[in-house]
Amino acid sequence: MSALAPTIADLADALAAGRTTSVALTEQALARIDAHVKAGGAAFIEVDADGALAAARAADQARAAGFVASPLAGLPVSIKDLFDVRGQRTRAGSRVLDTRSPAQADAPVVARLRAAGAVLVGRTNMSEFAYSGLGLNPHYGTPRNPFDPDCVTGGSTSGGALSVAAGMAVAALGTDTGGSIRIPSAFCGLTGFKPTACRVPMDGGVPLSTTLDSAGPLARSVACCAAFDAVLSGQTLDTRAATLSGLRLYVTRDFVGDGLDPAVAAAFDAALGRLSRHGAQVIPFDFPELLRLPQINAGGGFSAAESWTWHRALLAEQGERYDPRVAVRIRRGAQQSAADYIELLAERRAMRASAARRLREADAWLMPSVATRPPRLDSLVRDEDFFAINGLVLRNSSVINFLDGCAVSLPLAQGIGLSVCGLQGQDARVLQVAGALEAGLAQ
């Protein structure tokens, strides 16, 4: 078991065997957080050391009495600064909410993690109001990529990804509206799971898009993600790994295969070759309807329309305190009419119908998680470069949100991920297939 990369199962076994305690694991996590903060790191906005140690002591006492609530019991986890935690201020990575009163109650997902015995070590940094796939934050600092500090972690769950990659948490609670779990997972060498949106409650937090938002884990393995998802969703799915041989893995070059970074293309093709040698069927298919997505979302899509609804009063009062790159995208929602929104809903229904028809015989749909490797921070100075690169980074992952699907991002190579995708409600099958691919790619 690596000192920096234990899985949930590793640690649950160690706790059960008495080889460690929750207090020891929490002290270790907090020591790493402290060293990270002292070195100028920006993974966390707020750390709750006292609360975490109290929860760890309670977890050890419960275990000694024979009660273990879940595989997460006694394990340190981080919470994206988008969710309410009782007694803490939810800032959503922004200075605009600095004066907001502390939350009176936990968000449902946070309450479920507490009930499962998880130890909440702190609130992680993020793109302001979750509105970027890159993870830059001008207010609280920008988390740096664990492989190369000159590069981004990806966003918007930037601090959550770094908290897991650097051993400051066993897993992180993140959100995904257009790839905000899968992008930082790919860039930071982690496994991330975006569930079908309706499976996990999103109330008790700051929304980006009520249509597209979903909550899920960033962790070390498919099994870790499945264990975390079971707590968040309250559903026990059959997530045992499928048999790799004979799986029908669909691949399209339409849209999600355009303009790939050569390193991403090479890693993706190499992975397909390895899976084929293990007996999986890699099946090319056409999905030309995807080429219309830029036109469909030209007005800002669901994110602009729905974030404008939430932010318009705040922007009128405190617009100068927003990250300008965030504010300009939210304000696009003011230009959308009711007719535009209704047409967007119709386009989504049509695209989902096309996906269901084209993927009806697939066990999973594979694509590169992100079309490019982690961008360098110095490539994002000019606004025109930032917006172009942000769009490319979000491109592949946002397809699954638009289709209301689910996906697991598996680490392929440094800063590169493979997405195992399914349609609405196919969460169990996606986790089963991802488990098979994880094992096959490790051989």
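In this predicted model, 11 strands assemble into an open sheet. The strand order is β1-β3-β2-β4-β6-β5-β10-β11-β9-β7-β8, and the pairing is mixed. Strands β1 (44-47) and β8 (281-284) form the edges, each pairing on one side only. From one strand to the next, the twist averages 30 degrees.

Helix α7, spanning residues 222-233, packs on this sheet. The helix touches β2 (76-80), β4 (171-176), β5 (191-194), β6 (214-219) and β10 (406-413). The directions of α7 and β6 make an angle of about 145 degrees.

At the β1 edge, the neighbouring strand is β3, residues 119-124. The two strands run antiparallel and are joined by 3 bridges. Within this pair, V47 stands opposite G122 of β3. Strand β3 also pairs with β2, here in the parallel sense, through 5 bridges. In that pairing, L120 of β3 lies opposite V77.

Strand β2 is largely enclosed by the rest of the structure, because 5 of its 5 residues are buried. The burial extends to both faces of the strand. On one side are P76, S78 and K80, and on the other are V77 and I79. The lysine K80 is thus listed among the buried residues of β2. V77, the residue opposite L120, belongs to the face shared with I79.

Strand β11 (residues 416-422) is likewise mostly covered, with 7 of 7 residues buried. Both of its faces are covered. One carries I416, L418, V420 and G422, and the other carries G417, S419 and C421. Strand β11 pairs with β10 on the one hand and with β9 (residues 364-368) on the other. Strands β10 and β11 run antiparallel and are joined by 7 bridges. In this pair, I416 of β11 is the bridge partner of A413. The two strands form a hairpin with 2 residues between them. In that hairpin, G415 adopts a positive phi near 80 degrees. The β9 pairing is also antiparallel and comprises 4 bridges. Here M367 stands opposite S419 of β11. S419 is itself buried, on the face that also holds G417 and C421.

Attention now turns to an acidic residue in a helix. D60 lies in helix α3, which covers residues 49-64. The residue is buried, yet has no salt bridge. The nearest side chain of opposite charge is R63, 5.3 Å away. A salt bridge requires a separation within 4 Å, so R63 does not qualify. A polar atom of the D60 side chain does, however, lie 2.8 Å from the backbone nitrogen of S22. Apart from its neighbours within four places in sequence, D60 is in contact with T21, S22 and V23. S22 therefore features twice around D60, through its backbone nitrogen and as one of these contacts, which are counted within 4.5 Å.

The N-terminal region was examined at A5, which lies in the segment before α1 (8-16). A5 is partly exposed, with a relative accessible area of 31%. A5 and A219 are 214 residues apart in sequence. In space, their C-alpha atoms are 9.5 Å apart. A219 falls within β6 (214-219), one of the strands touched by α7.

Notes. Residues numbered from 1 in each chain as written. Predicted model: local features only at pLDDT ≥ 70, side-chain atom pairs only at ≥ 80, totals over all residues. Heavy atoms only, no water. Buried < 20%, exposed > 50% of the residue type's maximum accessible area, 1.4 Å probe, protein only. Lys, Arg positive; Asp, Glu negative; His and termini not counted. Polar contact = N/O pair within 3.5 Å; in protein donor to acceptor, adjacent residues only side chain to side chain. Pairing = 2+ DSSP bridges. Axes fitted to C-alpha atoms, helices over the stretch in contact; angles between N-to-C directions.
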